[in-house]
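Me: I am new to this structure and would like a close look at a single part of it, the salt bridges and their surroundings. Please explain the terms along the way.

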Amino acid sequence: MALDLLPVSAPASTVCCSPVTGTTMSAEDADRTARTLKALADPARLRLLSIIAAHDGGEACVCDLTEPVGLSQPTVSHHLKVLTEAGFVTREKRGVWAYFTIVPGAVDELTRHLAGHLSGTATA
């Protein structure tokens with residue numbers, strides 16, 4: 001009994017490829033977006049953002065952030081630096097203390113950016 005090992009061409013109607021009709025995310029944009037998402041992909045950072053946002057005016061002193069997350073001051077400072085570099089908070093030095101403020105719309109902008117690319121409605 002011999003097996004037929006010759007490739008069988010599929011009819012045109014069963015071809016699996018469909019054309020790209022929307023704007024795709026560039027490699028640079030994907031790298032930048034992934035770095036931003038990585039800044040949020042840490043429970044301590046999410047808690048810090050939540051704590052800052054819950055303070056009056058969306059601003060908190062670093063002295064108010066260490067104890068609630070149960071981490072050392074240097075670790076909290078590292079997490080705040082990552083959030084600052086990612087554009088989610090700003091830092092202002094006042095005397096010996098640093099105050100962190102939520103950047104209005106930063107999370108919303110990230111959400112819109114992702115939704116646009118993942119729903120196929122992104123614009124160039």
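Reply: The account begins with one pair of side chains: arginine 94 and glutamate 59 meet in a salt bridge, with 2.6 Å from N to O. A salt bridge here is a side-chain nitrogen of Lys or Arg within 4 Å of a carboxyl oxygen of Asp or Glu. This pair links distant parts of the chain, since arginine 94 belongs to strand S2 (residues 89–94) and glutamate 59 to strand S1 (residues 59–61), 35 residues apart. Helices (H or I, at least four residues) and strands (E, at least two) are DSSP runs, numbered from the N terminus.

The model is a predicted one, in which local features need pLDDT of at least 70 and side-chain atom pairs count only at pLDDT 80 or more, while totals for chains, interfaces and linings use all residues. Residues are numbered from 1 along each chain as its sequence is written, and side-chain values use heavy atoms, with hydrogens and water left out.

Arginine 94 is partly exposed, at a relative accessible area of 34%, and glutamate 59 is likewise partly exposed, at 26%. In these terms, buried means under 20% relative accessible area, exposed over 50%, and partly exposed in between (1.4 Å probe, protein chains only). Arginine 94 also forms a salt bridge with glutamate 92, the closest N and O atoms being 3.3 Å apart. Glutamate 92 counts as partly exposed, with 42% relative accessibility. Glu59, Glu92 and Arg94 are thus linked in a network of salt bridges. Side chains of opposite charge can pair when their charged atoms come close.

The strands around this network are paired as well. S1 and S3 pair in the antiparallel sense over three bridges, and the bridge partner of glutamate 59 in S3 is threonine 101. S2 and S3 also pair in the antiparallel sense, over six bridges; glutamate 92 stands opposite tyrosine 99 in S3. Two strands are said to pair if DSSP finds at least two bridges between them. The hairpin of S2 and S3 has two residues between the strands, and in this hairpin glycine 95 takes a positive phi near 65 degrees.

The structure holds five salt bridges, and one of them joins glutamate 85 to lysine 81, at 3.9 Å from N to O. Both residues lie in helix H4 (residues 73–85), four residues apart, about one turn of the helix. Both glutamate 85 and lysine 81 are exposed. An α-helix has 3.6 residues a turn, so residues three or four places apart point the same way.

H4 also contributes to the largest nonpolar core, as do helix H1 (27–40), helix H2 (43–54), strand S3 (97–102) and helix H5 (106–118), each giving two or more residues. This core has 20 residues, and those with the most contacts inside it are Leu65, Leu80, Phe88 and Phe100. A nonpolar core is a set of buried Ala, Val, Leu, Ile, Met, Phe, Trp, Tyr and Cys residues joined through side-chain atoms within 4.5 Å. Leaving aside residues up to four places away in sequence, leucine 80 touches Leu48, Ile52, Val62, Leu65, Val89 and Phe100, a contact being heavy atoms within 4.5 Å.

In H1, the buried residues are Asp29, Thr33, Thr36, Ala39 and Leu40. They pack against H2, H4 and H5. The face of H1 turned away from this buried side carries the exposed residues Ala27, Glu28, Arg35 and Lys38.
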